[in-house]
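Let's take a walk through this structure together, starting from a single loop and widening the view as we go. Keep the viewer open beside the text.

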Amino acid sequence: MAPVLANLDVAEATRTLVDLIDVRIVGAGQPTWRFRVTPDKAPVIHLTKEPQRLPRGSLKLTCKVEDDYGVVSAEAQIRRVPQQPGDPATEWAA
């Protein structure tokens with residue numbers, strides 16, 4: 001049967017981790033934990049196809065999203081840019 005722990009003091013310490021660090025609880029037989037910091041890389045998103053205009057006038061974006069800790073969601077913010085008459089680069093958005 002596990003021993004019953006009583007009269008424990010609770011403490012909190014805060015530190016920003018930027019490198020390898022050992023954390024130890026002071027006291028006989030207490031464990032030491034080693035934390036290694038893995039920097040988070042910026043997510044990457046890029047179009048895999050040209051934007052498409054769908055029959056009802058909506059816009060379809062096909063893209064690939066990558067992140068070292070996984071992707072939960074992505075969003076796009078789109079704004080209208082004034083179109084130059086006859087500009088082939090923006091003709092599809094007319």
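Ser 58 sits in the loop between strand S4 (52–53) and strand S5 (59–60). This is a predicted model, so it helps to look at each place through the computed values. Ser 58 counts as partly exposed because its relative accessibility is 35%, a value between the 20% and 50% cut-offs. Leaving aside residues up to four places away in sequence, Ser 58 touches Gln 52 and Arg 53. Those two numbers are also the ones that bound strand S4 (52–53).

Now move back along the chain to the loop between S2 and S3, where you will find Asp 40. Is Asp 40 buried or exposed? With a relative accessible area of 55%, Asp 40 is exposed, because exposed means over 50%. Even so, Asp 40 has partners from further along the sequence: not counting residues up to four places away, Asp 40 touches Asp 67, Asp 68 and Tyr 69. Take Tyr 69 from that list: Asp 40 and Tyr 69 are 29 residues apart in sequence, and their C-alpha atoms are 7.8 Å apart in space.

Arg 36 belongs to this loop too, which runs between strand S2 (32–35) and strand S3 (44–47). Arg 36 counts as exposed because its relative accessibility is 61%, again over the 50% cut-off. Looking the other way along the chain, Asp 22 is 14 residues from Arg 36, and 8.8 Å separates their C-alpha atoms. Asp 22 falls within the residue range of strand S1 (residues 21–24).

Next, step into strand S2 itself, which holds Trp 33. Trp 33 is partly exposed, since its relative accessible area is 40%. Which residues join Trp 33 in a nonpolar surface patch? Leu 17, Val 23 and Phe 35 do, and together with Trp 33 they make a patch of about 340 Å².

With these places in mind, zoom out to the whole chain. The protein chain has 0 helices and 6 strands, so read from the N terminus its elements run β-β-β-β-β-β, counting as strands the DSSP runs of at least two residues. Buried residues make up 1% of the 94 residues. The chain exposes about 9500 Å², and carbon and sulfur atoms supply 54% of that area. Among the contacts with a separation of 6 or more, 20% are between residues 24 or more positions apart.

Finally, how far can you trust the coordinates? The average pLDDT of the protein chain is 78, and 74% of the residues score at least 70. Among the elements, strand S6 (residues 63–66) has the highest mean pLDDT, 95, while strand S1 (residues 21–24) has the lowest, 73. Over residues 1–7 the pLDDT is below 50, and this stretch has 0 contacts in the model beyond near neighbours in sequence. Where pLDDT is low, the predicted coordinates should not be read in detail.

Key
Residues numbered from 1 in each chain as written. Predicted model: local features only at pLDDT ≥ 70, side-chain atom pairs only at ≥ 80, totals over all residues. Heavy atoms only, no water. Helix = DSSP H or I, 4+ residues; strand = E, 2+ residues; numbered from the N terminus. Buried < 20%, exposed > 50% of the residue type's maximum accessible area, 1.4 Å probe, protein only. Patch = residues over 30% accessible without salt bridge, like charges linked within 9 Å, V, L, I, M, F, W, Y side chains within 5 Å. Areas by Shrake-Rupley, 256 points an atom, 1.4 Å probe, with all protein chains shown as cover. Salt bridge = Lys/Arg side-chain N within 4 Å of Asp/Glu carboxyl O. pLDDT = per-residue confidence, 0-100. Contact = heavy atoms within 4.5 Å.
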